[in-house]
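Good morning, colleagues. Please take a moment with the sequence and the structure before I begin my remarks.

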Amino acid sequence: MGGSALNQGVLEGDDAPGQSLYERLSQRMLDISGDRGVLKDVIREGAGDLVAPDASVLVKYSGYLEHMDRPFDSNYFRKTPRLMKLGEDITLWGMELGLLSMRRGELARFLFKPNYAYGTLGCPPLIPPNTTVLFEIELLDFLDCAESDKFCALSAEQQDQFPLQKVLKVAATEREFGNYLFRQNRFYDAKALLLLRRRSAPPEEQHLVEAAKLPVLLNLSFTYLKLDRPTIALCYGEQALIIDQKNAKALFRCGQACLLLTEYQKARDFLVRAQKEQPFNHDINNELKKLASCYRDYVDKEKEMWHRMFAPCGDGSTAGES
């Protein structure tokens with residue numbers, strides 16, 4: 001998205017004397033607010049359900065002013081996906097209405113009249129008062145957070161009585177939310193795991209809770225490896241192995257953590273077990289090679305240290321003698 005996309009879209013409108021670019025463009029746009037305050041033109045159709053009112057949305061967008069060939073916002077907003085919560089993080093009423101009309105994967109162009117955008121004051125120094133703006137919005141994905149918000153507002157006792165299937169749905173939503181933030185290097189907390197730990201389940205349903213906990217534990221282990229906190233990463237990896245002792249990803253995470261902790265024998269044990277489960281996994285095999293290299297360097301340094309300690313001194317004694 002950029003200035004060229006805007007110009008192409010505007011030029012598609014019929015030229016008419018005395019009409020502005022936005023007036024020509026608006027003639028073929030759909031009125032989604034009922035008063036022509038928010039107009040929409042779909043560039044690429046999306047799929048699936050419409051965005052839910054309480055959703056968190058992952059979007060790319062650009063904003064343009066009339067009679068300008070370039071966006072008024074920075075390149076950061078045009079190139080970087082943003083994760084925003086409807087009703088909390090979105091300041092333009094027009095954008096909120098626009099997003100509620102979109103589906104996953106959709107790319108659309110919107111015209112916002114001033115009362116749906118920046119109003120009578122504008123947003124100095126970039127946006128003058130009473131300005132109509134055009135936004136191009138791409139909806140990458142969204143998460144319906146209504147059930148999660150409802151669950152988190154309950155007391156611990158009420159949460160314990162919440163139907164298990166709904167708890168699993170809430171935990172899955174929180175895990176997906178964390179995945180989005182992780183991809184933006186914004187490491188989320190262990191909320192999904194706390195929800196699952198808090199909820200007791202009868203024995204016949206416990207396997208459902210364990211199955212939901214496993215990917216959360218793996219994600220947490222990976223996150224703490226990225227944060228260079230191998231001790232915590234190892235802890236979460238070992239918790240995952242309690243659920244599935246042959247899980248190659250958990251074994252691999254534990255091996256990585258032990259390598260960072262210079263616990264070479266434990267690292268080798270975990271990685272060899274992971275390799276047994278997935279013999280042709282390049283990441284596991286490369287980590288074993290890395291382990292071998294680190295261990296050789298460690299042994300060489302140990303030899304050098306002992307050699308210096310017991311090397312003969314000028315008086316015939318050794319450096320290690322008192």
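I begin with a single residue, E263, which is partly exposed, its relative accessible area being 32%. Its salt-bridge partner is K266, and the closest N and O atoms of the two lie 3.6 Å apart. K266 is likewise partly exposed, at a relative accessible area of 35%. I should state at once that this is a predicted model.

Let me now place that pair in the context of the chain. The secondary structure comprises 13 helices and eight strands. The protein chain has 322 residues, of which 43% are buried. If one takes the contacts in the chain with a separation of 6 or more, 64% of them are between residues 24 or more positions apart.

I return to the charged pairs. In general, side chains of opposite charge can pair when their charged atoms come close. How many salt bridges does the structure hold? There are eight salt bridges, and I shall discuss two further examples.

The first example joins D141 to R104, with an N to O distance of 2.5 Å. D141 belongs to strand β8, residues 133-144, and R104 to strand β6, residues 103-104, so this salt bridge ties together parts that are 37 residues apart in sequence. R104 is partly exposed, with a relative accessible area of 34%.

The second example is the salt bridge between the side chains of E136 and R109, at 3.3 Å from N to O. Here E136 lies in strand β8 and R109 in strand β7, residues 107-112, so the pair ties together parts 27 residues apart in sequence. Are these two side chains buried or exposed? E136 counts as buried because its relative accessibility is 1%, and R109 also counts as buried, at 5%. The pair also belongs to a network of salt bridges, in which R28, D41, R109 and E136 are linked.

While we are at strand β7, I would point out L107, which lies in that strand. L107 counts as buried, with a relative accessibility of 12%. L107 and K60 are 47 residues apart in sequence, and their C-alpha atoms are 9.2 Å apart in space.

I would also draw your attention to E96, which is found in helix α4, residues 93-100. At 11% relative accessibility, E96 counts as buried. Leaving aside residues up to four places away in sequence, E96 touches L86, G87 and I90.

My last topic is helix packing. Two packed helices are described by the angle between their axes and the distance between the axes. Helix α9, residues 206-226, packs with helix α11, residues 248-260, at an angle of about 25°, and the axes are 10 Å apart. Because of that angle, α9 is roughly parallel to α11. The crossing of α9 and α11 is left-handed.

Which residues meet in this contact? From α9 come L218, S221, F222 and L225, and from α11 come K249, A250, R253, Q256, A257 and L260. By class, the contact of α9 with α11 has six nonpolar residues, two polar and two charged.

To close, I would leave you with two views of the model. One is the network that links R28, D41, R109 and E136 through salt bridges. The other is the left-handed crossing of α9 and α11. Thank you for your attention.

Note on methods: Residues are numbered from 1 along each chain as its sequence is written. This is a predicted model: local features need pLDDT of at least 70, side-chain atom pairs count only at pLDDT 80 or more; totals for chains, interfaces and linings use all residues. Side-chain values use heavy atoms; hydrogens and water are left out. A salt bridge is a side-chain nitrogen of Lys or Arg within 4 Å of a carboxyl oxygen of Asp or Glu. Helices (H or I, at least four residues) and strands (E, at least two) are DSSP runs, numbered from the N terminus. Buried means under 20% relative accessible area, exposed over 50%, partly exposed in between (1.4 Å probe, protein chains only). Axes are lines fitted to C-alpha atoms, for helices over the stretch in contact, and angles run from 0 to 180 degrees between N-to-C directions. Angles under 35 degrees count as roughly parallel, over 145 as roughly antiparallel, 65 to 115 as roughly perpendicular and the rest as oblique. A crossing is left-handed if the near helix is turned anticlockwise from the far one by less than a right angle, and right-handed if clockwise. Contact means heavy atoms within 4.5 Å. Ala, Val, Leu, Ile, Met, Phe, Trp, Tyr, Cys and Pro count as nonpolar, Asp, Glu, Lys and Arg as charged, and the others, Gly among them, as polar.
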